[in-house]
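Work through the following exercises with the model open beside the text, and attempt each task before reading its solution.

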Amino acid sequence: MAERTHPGFEGAGADGELTLIDADVHQRWADESEIVQYLPERYRDDGLVLPTLLYRNPGGYFKDDEFTDDGGTPGSDLEKIVDDHLDRYGIDYAMFTGNSWLNLGAVPNRDYAGAVAEAYNRWLIEECLSVDERFLGSIFVPVRDPDRAAELIGEYGEHPQVRQVMLPGGSEVPYGRPQYWPIYEAAQEQNLAVAVHPFSEGHGVSNPPTGAGHPNNYIEWHTLLGTIFMGQLASMITEGVFVEYPELRVAFIEGGYGWVPHFMWRMDKNWKGLRSQVPWLEKPPSEYIREQVWFASQPVEEPERPDHHSHLMEMMHAEETLIFASDYPHWDGDSPVWGLPPMDDGLERAVRYENAQRLWDLPADPGDLA
Amino acid sequence: MKTRFEVCPAADLGPGERTIADLDGLSVGVFNVDGDYYALKNDCPHQRAPLCEGSLTGLMTAEAPGEFEYGRDGEIVRCPWHGWEFDVTTGESVFNPHRVKAKTFETSVEDSDDPGTVETSEPASANAGRLDFSTGTTADDADTVDTPDNGAETEDGAATDAEATTEADRYGATLAGEEPPVDTYDVDVEEGVVVVYL
């Protein structure tokens with residue numbers, strides 16, 4: 001029996017309505033050779049040489065019940081994702097966000113990063129998206145080589161299930177800088193969203209994962225994921241990315257959302273007095289966020305009192321800005337049924353699928369993807 | 001029925017200058033922008049800062065991200081506390097002109113009810129308005145108020161000896177003698193006083 005929604009949520013799945021779009025599902029390869037086979041010959045002997053996360057989680061990084069039948073890493077059996085996640089929860093679309101530890105933003109060599117990104121994209125399209133029409137793809141790019149990134153977006157962005165370009169949270173310089181704009185131009189041209197997801201922070205050649213410096217433990221690192229997103233978002237807004245690309249849609253995935261009201265208030269407040277530094281902004285910064293930026297719910301905020309979450313929904317305009325994400329199959333993932341606190345049906349519909357439908361321009365029926 | 005207040009002789013408030021006047025207990029900033037006079041309540045709608053004592057600046061706009069165009073120099077006053085910009089000529093804030101405004105008052109230049117007022121428009125007493133202003137601001141603020149046109153070149157003869165010296169120092173001019181060249185001014189006292197109606 002499918003456990004699709006919590007008791008009391010009416011309307012989901014009825015009359016052609018969607019039930020749930022999941023913004024963050026991590027599929028991965030069972031064996032590295034699946035990717036290496038797509039590398040150009042000059043790198044095939046090297047295999048995957050990528051910076052890895054040095055912060056250790058005492059409980060591991062996965063939901064322990066999602067290891068595959070033969071003991072493989074969770075997320076590496078795509079049929080199991082269908083059975084245990086999509087079918088079980090009535091998920092209409094699941095956005096594949098790939099393996100967190102590719103960390104392409106932290107790879108020093110730009111050509112190699114581009115080669116790995118292309119290998120990933122070929123594997124994604126040929127071996128992942130083909131498994132189920134409900135799977136959506138995020139293509140990877142060598143963010144430190146924006147022209148190459150734009151080429152890859154043009155080359156792989158046309159596949160109907162590819163709806164997003166993935167940028168790692170950690171970067172050398174913030175994402176508003178004009179050097180990255182070829183990526184945004186290509187994404188807007190291809191009608192793809194751009195998502196920022198924690199990868200690369202503090203690894204390899206990326207900056208420390210907090211402005212304060214390198215954390216000591218995973219608990220410190222994981223708690224502050226939202227702060228690096230704040231830096232990226234402030235840069236994108238003030239440098240004028242959303243002015244230059246008014247059709248661009250951007251998602252921040254897995255950095256939480258409790259900080260969003262503070263960020264919008266503070267940026268609007270500062271804009272009133274400091275507007276002349278960024279005269280190209282045509283409206284308060286928060287309005288660009290409400291129109292062009294979305295935040296994924298996981299890891300869901302768990303305030304002291306449930307009604308505080310309701311206040312947060314109102315303060316961040318969640319009916320426009322929040323999208324559901326499970327982060328399947330990671331240890332800090334949220335249940336599609338029990339993760340989000342109670343909210344009224346209109347808001348719940350917006351968070352469960354309406355907002356994500358706008359973000360990725362999705363038809364109600366995956367069969368209509370084109 | 002509005003109340004009429006005579007603020008200062010028109011000759012004392014040259015283009016680019018402003019004064020803060022206490023009009024029956026209400027603090028009002030009176031600005032001369034290119035020969036036109038504007039009055040704003042000296043009270044920022046944000047946190048009640050003395051708005052009219054902020055720096056005078058222009059309007060920064062942009063055709064595209066990364067580009068800057070500066071114009072309307074001297075027509076924008078920036079609140080001395082949080083930097084909110086207001087259009088001196090309308091009282092409207094730059095960031096939200098329809099909803100955030102400083103209160104404005106009607107101004108005009110008229111004959112004085114007291115003929116003596118205009119006759120006091122000699123260098124010594126012409127300072128009156130500016131002295132009022134300087135008591136509420138720092139020397140740095142005054143720098144932003146003055147423009148190079150306001151010193152020796154002034155046509156209305158309102159510049160004082162002290163100002164002429166200051167301007168001369170500031171712009172590198174050298175005085176011919178030990179005494180400021182007061183006598184060389186073509187003092188042409190403008191008729192009328194600046195009037196604000198509350």
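**Exercise 1.** Which residue with a positive phi follows α8(A)?

Solution. In this predicted model, Gly240(A) follows α8(A), and its phi is positive, near 95 degrees.

**Exercise 2.** Compare the span of helix α8 of chain A with the value expected from its 14 residues.

Solution. The helix covers residues 225–238 of chain A, and at 1.5 Å a residue it should span 20 Å. Its end C-alpha atoms are 21 Å apart, which agrees with that expectation.

**Exercise 3.** Identify the buried residues of α8(A), and then look for what covers them.

Solution. Begin with the burial list, which consists of Gly226(A), Ile228(A), Phe229(A), Gln232(A), Leu233(A), Met236(A), Ile237(A) and Thr238(A). Then turn to the cover over these residues, which includes the strands β5 (193–197), β6 (250–252) and β7 (293–296) together with the helices α9 (241–244), α10 (260–274) and α11 (285–292), each of them in chain A.

**Exercise 4.** Describe the side of chain A that touches chain B.

Solution. Start with the contacts, in which 13 residues of chain A meet 13 residues of chain B. The elements of chain A that give two or more residues to this side are α9 and α10, and α10(A) gives the most, with four residues. Finally, sorting the residues of this side by character yields six nonpolar, three polar and four charged.

**Exercise 5.** Test chain A, with its 370 residues, against the radius of gyration of a compact globule.

Solution. For a compact globule with 370 residues the radius of gyration would be near 21 Å, and the 19 Å of chain A agrees with this. As further background, the C-alpha trace of chain A spans about 55 × 55 × 45 Å along its principal axes, and 47% of the residues of chain A count as buried.

Methods. Residues numbered from 1 in each chain as written. Chains lettered and ligands numbered in written order. Predicted model: local features only at pLDDT ≥ 70, side-chain atom pairs only at ≥ 80, totals over all residues. Expected span 1.5 Å × (residues − 1). Buried ≥ 20, exposed ≤ 12 C-beta atoms within 10 Å, placed from the backbone. Contact = placed C-beta atoms within 7 Å. Nonpolar A, V, L, I, M, F, W, Y, C, P; charged D, E, K, R; others polar. Rg over C-alpha atoms; globule rule 2.2 N^0.38 Å.
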